[in-house]
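User: I'm new to this structure and would love a friendly tour. Please show it to me and explain your terms as we go.

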Amino acid sequence: MTKKLSRGVAVVGVGMSKFGAFPEKHSRDLFVEAYQELKQSVQNGFDPKEIEAFYMGNFSSDHFENQAHLAPIVASWVGLSPVASMRIEDACASGGVALRQAVLAIASGQCDVVLVGGLEKMTDLSAARVTDALALAADTMFEVPAGFTFPGFYASMATAYLDQYHADPDALLKVGIKNHENGALNEKAQFGQRISDVMASKKAKAAQKGLPIPEWADEMDFMKDPKANPMIAWPLRLFDCSPVSDGAAAVLLVSEELAQKYTDHPIYIIGAGQASDGALAERDSLSSVPSAAHAAAQAYEMAGLTPDDIDFAEVHDCFTIAEVMATEDLGFFPRGEGWKAAMAGETARDGKHPVNTSGGLKAKGHPVGASGVAQVVEMWKQLNGLAGGRQLTPRPTVGLTHNVGGTGQTCVVHIFERRS
């Protein structure tokens with residue numbers, strides 16, 4: 001039985017850097033940008049000396065930047081020393097797990113004000129070295145020696161899903177198109193382009209070079225073109241895969257009774273769950289992520305809600321198949337129906353279950369340690385009506401974040417609510 005939080009927890013401010021490739025910046029510089037935006041977002045302001053702890057999600061600065069022990073260094077750069085600072089590593093779920101640890105610190109009564117951060121600087125390495133760094137989140141005793149990389153892992157999951165449910169692979173392409181549509185409306189997204197914009201750009205470049213101009217009938221035709229959207233690991237193509245990214249995000253949490261001191265419009269964390277699993281080869285089925293279902297069940301029980309109560313969700317779409325499986329693991333659709341929902345547009349902004357209004361990891365970007373914290377930024381914006389052109393109408397009341405590490409060895413789920 002899931003225990004309730006002993007004390008309520010609220011988000012009173014958020015910030016994030018732009019996601020993308022920034023060769024001139026260090027991860028700590030990106031976090032400064034996120035922290036400065038967070039400070040501006042807190043309606044009534046706050047004194048940084050009020051912060052009692054700093055939980056920072058970061059997967060592998062050791063390999064990406066040759067810098068371990070990063071949390072206290074980052075804390076120093078934003079003027080937080082000597083506050084207790086700790087780096088949380090749980091692969092791509094590092095940011096979400098850092099958030100959960102901060103929630104527990106406040107709920108326990110140990111802290112009243114906690115800063116949560118997430119950051120990763122990935123693009124300074126070659127593609128081969130990035131692949132090696134990310135492989136550290138796999139089972140290095142069995143999976144890596146067998147030749148698996150993460151596109152291969154998720155391609156295996158996609159293959160199993162398509163076979164088990166006789167699903168149409170076009171559903172994966174629809175997810176990519178939808179998330180690029182949303183990312184085009186997010187000023188912080190790494191890929192702020194619709195697929196139609198990408199098509200227009202490629203046509204313009206072909207004309208400029210005097211080459212034959214491609215004649216794609218529509219976005220799906222483009223997505224099926226092996227030259228424009230090459231196969232990476234069947235059935236996953238280039239536009240099914242999240243990018244290598246740099247970026248940072250920050251969230252300020254306070255105890256519920258203090259929330260109104262900082263803002264008239266806090267959002268409350270009413271449910272939290274985390275679960276784990278073994279390596280992919282140990283599972284009975286590859287067509288779902290069991291840890292996600294377990295974490296979601298905990299969060300729903302804590303919040304006293306069901307999947308039908310969730311107005312929108314930010315899910316971990318490291319690959320398009322991951323979004324489809326997440327919509328089923330979270331209970332939005334029955335098993336084997338998530339692909340049909342994607343095909344029918346039910347996860348679009350105007351659909352029954354809007355998913356990844358930010359553009360998701362696919363279009364917004366995936367600096368792995370920051371992704372789970374950046375999901376909270378979208379919660380804040382949507383629940384407070386600050387999401388601009390991608391704002392959901394009517395304004396949502398309840399949102400959910402779903403952050404996965406590895407192939408589901410870790411999953412953490414949080415539920416957020418506005419009360420004004």
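Analyst: Happy to! Helices here are DSSP runs of H or I with at least four residues, strands are DSSP runs of E with at least two, and both are numbered from the N terminus. The model is predicted: local features need pLDDT of at least 70, side-chain atom pairs count only at pLDDT 80 or more, and totals for chains, interfaces and linings use all residues. Residues are numbered from 1 along each chain as its sequence is written, while side-chain values rest on heavy atoms, with hydrogens and water left out.

User: Which helix gives the most to the largest nonpolar core?

Analyst: A nonpolar core is a set of buried Ala, Val, Leu, Ile, Met, Phe, Trp, Tyr and Cys residues joined through side-chain atoms within 4.5 Å. Buried means under 20% relative accessible area, exposed over 50%, and partly exposed in between, using a 1.4 Å probe and protein chains only. The largest core has 91 residues, and Phe31, Ile51, Leu115, Tyr154, Ile321 and Ile415 touch the most other members. Its top contributor, with nine residues spread over the stretch 150-165, is helix α6.

User: Which glycines does Phe31 touch?

Analyst: Touching, or contact, means heavy atoms within 4.5 Å. Residues up to four places away in sequence are not counted, and the partners of Phe31 then include Phe54, Val74, Val78, Leu115 and Leu119, along with Ala248, Ala249 and Ala250. The glycines in that list are Gly117 and Gly118.

User: How far does helix α15 reach from its first C-alpha to its last?

Analyst: Helix α15 covers residues 368-383, which makes 16 residues. The expected span of a helix is 1.5 Å times one less than its number of residues, and for α15 that comes to 22 Å. The model is close to this, with a reach of 24 Å.

User: How many residues of α15 are buried?

Analyst: This helix is mostly covered. After α15 comes Gly385, which has a positive phi near 70°. Within α15 itself, the buried count is 16 of 16 residues.

User: How much space lies in the largest pocket?

Analyst: Pockets and cavities are found on a 1 Å grid over the protein atoms alone: a cavity is a set of points where a 1.4 Å probe fits but cannot get out, a pocket is an open set with protein on both sides within 12 Å along at least five of seven lines, and lining residues have an atom within 4 Å of a point. Grid points are joined across faces, edges and corners, and a volume is the space filled by probe spheres set on the points. The largest pocket is lined by 30 residues, with Cys241, Ser242, Pro243, Val244 and Phe319 nearest its centre. Its space is about 710 Å³.

User: How many charged residues are in the lining of the largest pocket?

Analyst: Helix α5 gives the largest share of this lining, four residues. By class, Ala, Val, Leu, Ile, Met, Phe, Trp, Tyr, Cys and Pro count as nonpolar, Asp, Glu, Lys and Arg as charged, and the others, Gly among them, as polar. The lining has 21 nonpolar and eight polar residues, and the charged count is one.

User: Which helix gives the most to the lining of the second largest pocket?

Analyst: This pocket holds about 260 Å³ of space. Of its 16 lining residues, Lys174, Ile177, Lys178, Gly345 and Ala348 are closest to the centre. The lining divides into seven nonpolar, three polar and six charged residues. With six residues, the main supplier is α7.

User: Which helix gives the most to the lining of the largest cavity?

Analyst: The structure holds two cavities of 30 Å³ or more, and the largest has about 60 Å³ of space. Among its lining residues are Tyr154, His316, Asp329 and His402. Four residues of the lining come from the top contributor, α12.

User: And which helix gives the most to the lining of the second largest cavity?

Analyst: That cavity has about 40 Å³ of space. Its lining includes Met16, Asn186, Ala374 and Arg390, and by class there are three nonpolar, two polar and four charged residues. The main contributor, with four residues, is α15.

User: What is the relative accessible area of Asn182?

Analyst: Asn182 sits in helix α7. Beyond its neighbours within four places in sequence, Asn182 is in contact with Arg349, Val355, Asn356, Thr357, Ser358, Gly359 and Arg390. Asn182 counts as buried because its relative accessible area is 1%.
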